[in-house]
Amino acid sequence: MGGRAGPGGLGECVVGAGARGGGAAAGHQRRGEGILDTVAPPAPVGGPATSVLVEADESDPLAGDWNVTAFAICADPLSGQQVVAASTASGSANDGARADCTGQVATGSGAEIVGVVGEVVIDNAYPIDGSAVSAPTATTVYGQEEDGTTGSWYITAYALCADG
């Protein structure tokens, strides 16, 4: 199951995804059965983000209906706006990745689990290396196996970067 949120007008780009200005929710009356495995800009690495892709799967078979909601905050493109990505090696263990905005600031973040469906959750996704007076410059994400799986998977961290 998935959803996508994009710009409200021509010339706009996503300035926040994941933890900083866009995001997602998987909803059902039994919490924890629908898990997010993608909250990421589908833009090519090096280009500006123009939407947020959200995907979720069932962690266990579920008879009831559930939904996924994607949302994005959009504005006129920022100077130097680009998507940066970094992935872990493929394996079967809880792991994390960090995407750095070298010489830029992070305006948004995202994460994607690849390789297994409904077995690994995005445990944390957040901007880092900022302070109360300076913007973050990287994104860190962590994936955690929900039931323990022998399947191989990896997690990709996305940072939406722009000139500071």
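What pattern does the protein chain follow, read along the sequence? The answer is β-β-β-β-β-β-β-β-β-β-β-β-β.

**View 1. The whole chain, a predicted model.** Start with the big picture before zooming in. The secondary structure here comes to 13 strands and zero helices. The protein chain has 164 residues, and 42% of them count as buried.

**View 2. Asp-37 and its contact with Thr-38.** Look for Asp-37 in strand β4, which covers residues 34-40. Is Asp-37 buried or exposed? Asp-37 counts as buried because its relative accessible area is 4%, and the cut-off for buried is under 20%. Its side chain also has company: a polar contact of 3.5 Å links it to the side chain of Thr-38.

**View 3. Gln-104 in a loop.** This time we leave the strands themselves: Gln-104 sits in the loop between β9 (95-100) and β10 (105-114). Being in a loop doesn't stop Gln-104 from being buried, with a relative accessible area of 10%. Which residue does the side chain of Gln-104 touch through a polar contact of 2.8 Å? That partner is Gln-82, again through its side chain.

**View 4. A negative patch on the surface.** Four residues make up this patch: Glu-58, Asp-60, Glu-146 and Asp-147. Let's pick out one of them, Glu-146. You'll find Glu-146 in the loop that runs between β12 (138-145) and β13 (154-162). Glu-146 has a relative accessible area of 30%, so it goes down as partly exposed.

How values were computed. Residues are numbered from 1 along each chain as its sequence is written. This is a predicted model: local features need pLDDT of at least 70, side-chain atom pairs count only at pLDDT 80 or more; totals for chains, interfaces and linings use all residues. Side-chain values use heavy atoms; hydrogens and water are left out. Patches are made of residues with over 30% relative accessible area and no salt bridge: like charges are joined within 9 Å, nonpolar side chains (Val, Leu, Ile, Met, Phe, Trp, Tyr) within 5 Å. Accessible areas come from the Shrake-Rupley method with a 1.4 Å probe; for residues, only the protein chains shown count as cover. A salt bridge is a side-chain nitrogen of Lys or Arg within 4 Å of a carboxyl oxygen of Asp or Glu. Lys and Arg count as positive and Asp and Glu as negative; His and the chain ends are not counted. The place of a charge is taken as NZ of Lys, CZ of Arg, CG of Asp or CD of Glu. Helices (H or I, at least four residues) and strands (E, at least two) are DSSP runs, numbered from the N terminus. Buried means under 20% relative accessible area, exposed over 50%, partly exposed in between (1.4 Å probe, protein chains only). A polar contact is a pair of N or O atoms within 3.5 Å; within protein, one must be able to donate a hydrogen and the other to accept it, and residues adjacent in sequence count only if both atoms are side-chain atoms.
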